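Let's take a look at this one together, with an eye on the aromatic rings. Here is the model.

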Amino acid sequence: MTIAHPIPQISPTCFDEVIQRHGTHCVKWDMMEKLYGVPAQTGIAMWVADMEFRPPACVQQAVEGMAAHGVYGYYGDDAEYLAAIRWWMANRHDWEVPAEAIFTTHGLVNGTAMCVDSFTQPGDAVVLMTPVYHAFARVIKAAGRDVIECKLRNDAGRYMLDISGWDEQITPRTRMMILCSPHNPGGRVWSRDELRAIADFCKRHDLILVSDEIHHDLVFPGQHHTVMPLAAPDVVDRLVMMTATTKTFNIAGSHSGNVIILDPALRARFAARMNAMGISPNSFGLFMATAAYSAEGAAWVDALMAYLEGNRRLFDDGVNAIPGLRSMPLEATYLAWVDFADTGMDSADFIARVQTDAQIVANHGATFGAGGESFLRFNLAAPREQVIDAVARLQKAFADLQ
Ligand SMILES: Cc1ncc(COP(=O)(O)O)c(C=O)c1O
């Protein structure tokens, strides 16, 4: 497949615009006072993983087209949507996906929950590589399954697998592993060898491998994300791969994601549960995703990552200049993961400085599971002036350490 249209120029300055979101029912700004005691008027919301940017114009136009038509009925005929996914995965990730392997769920937390429901039983256990995206443990536990926390090794500020230590944690009731690739938090892009080792671990313990690749497009220049089916083709009989447009294009409110299952037997089990749960697609999500997976969308993502690279450098330079704070060098994602361990403070102390003194809301590391306790996660996908402001506030809040 080749790109059929000329690629439009996207100006990086489009990400500089400050867009007022407070008062629009967005969780990031409109829930920060209630949950963290930081008012949106004085605070900076750097927690929830959505961006302060509009999506590319092609996505906006798709929604405007729906609005102009003005009839919002059920979605049908997904051929164009599936073709867009297949085009994107082939062009951006070198992967040819068969259309029949693709399911559409109401986002990937929903996709994860559907996998837990389809492939495990209450009382079974699911492996997570912690610290990891907090909603995984939430849905696993809510479904009456246990979480096995296999800790990543923090090697001088870079997460590494520690698989030999994980083998002995596996119980006879362990049925599944959920991988986050690239990893949130910490932003690791797992290498082919690391993905291979994870696949072997799942084979060794007869686990279903759910590979959540929602951050697959948010990879910094010089890094390369490998989709799990290419890294370990021999595990497709136990593999569920998940992707979405929502994180990449900042359209998470459209709540749609793709669960991709190559193996027909696994697919039949998943299809049966989708049917039992009555899940059918959200038309807004599919219209937006079809528009996003295009040449214009691709150019926008490239411009976005160049902009985020600037934010990341600025934030890391400013934060790493504060003695005791260390920001992990991100290979992917816009979610800076800052370790406060060397300040010697306990989490209540450094959280108070960030929330009360600096008036910044960041995600608390402990919610990401074992190994996250001394961290906070800061969302850098914002106009640069906001990141500059955040760095200045943090430097002031920790000025006594300088
Ligand atoms: C790894 C991962 N999976 C899933 C999600 C959320 O997915 P959705 O909004 O499609 O439910 C996030 C959000 O940050 C995430 O980081």
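## The aromatic cluster

This is a predicted model, and its rings make a good place to start. Phe-15, Phe-53, Trp-87, Trp-88, Phe-249, Tyr-293, Trp-300 and Tyr-307 are joined into a cluster by ring pairs.

## Two pairs up close

The protein has 21 aromatic pairs. One of them brings together Tyr-133 and Phe-136 in an edge-to-face arrangement, with 5.4 Å from centre to centre and 85 degrees between the planes. Tyr-133 is partly exposed at 23% relative accessible area, while Phe-136 is buried, at just 1%.

Then there's Phe-315 with Phe-378: the ring centres sit 5.5 Å apart and the planes meet at 45 degrees, so this pair counts as tilted. Phe-315 belongs to helix H13 (residues 295-320) and Phe-378 to strand E15 (residues 375-379), so the pair ties together parts that are 63 residues apart in sequence. Both of these Phe residues are buried.

## The overall fold

Zooming out, the chain forms 15 helices and 15 strands. Its radius of gyration is 21 Å, close to the 21 Å that the globule rule gives for 402 residues, so the protein is as compact as a globular protein of that length. The C-alpha trace spans about 60 × 55 × 40 Å along the principal axes.

Among contacts with a separation of 6 or more, 75% are between residues 24 or more positions apart. Of the 402 residues, 55% count as buried.

## Surface and charge

About 16,500 Å² of the protein is exposed, and carbon and sulfur atoms supply 52% of that. As for charge, there are 32 positive and 46 negative ones, and their mean positions are 3 Å apart.

Definitions and conventions:
Residues numbered from 1 in each chain as written. Predicted model: local features only at pLDDT ≥ 70, side-chain atom pairs only at ≥ 80, totals over all residues. Heavy atoms only, no water. Helix = DSSP H or I, 4+ residues; strand = E, 2+ residues; numbered from the N terminus. Rg over C-alpha atoms; globule rule 2.2 N^0.38 Å. Buried < 20%, exposed > 50% of the residue type's maximum accessible area, 1.4 Å probe, protein only. Contact = heavy atoms within 4.5 Å. Areas by Shrake-Rupley, 256 points an atom, 1.4 Å probe, with all protein chains shown as cover. Lys, Arg positive; Asp, Glu negative; His and termini not counted. Charge placed at Lys NZ, Arg CZ, Asp CG, Glu CD. Phe/Tyr/Trp six-rings, centres within 6.5 Å; stacked < 30°, edge-to-face > 60°.
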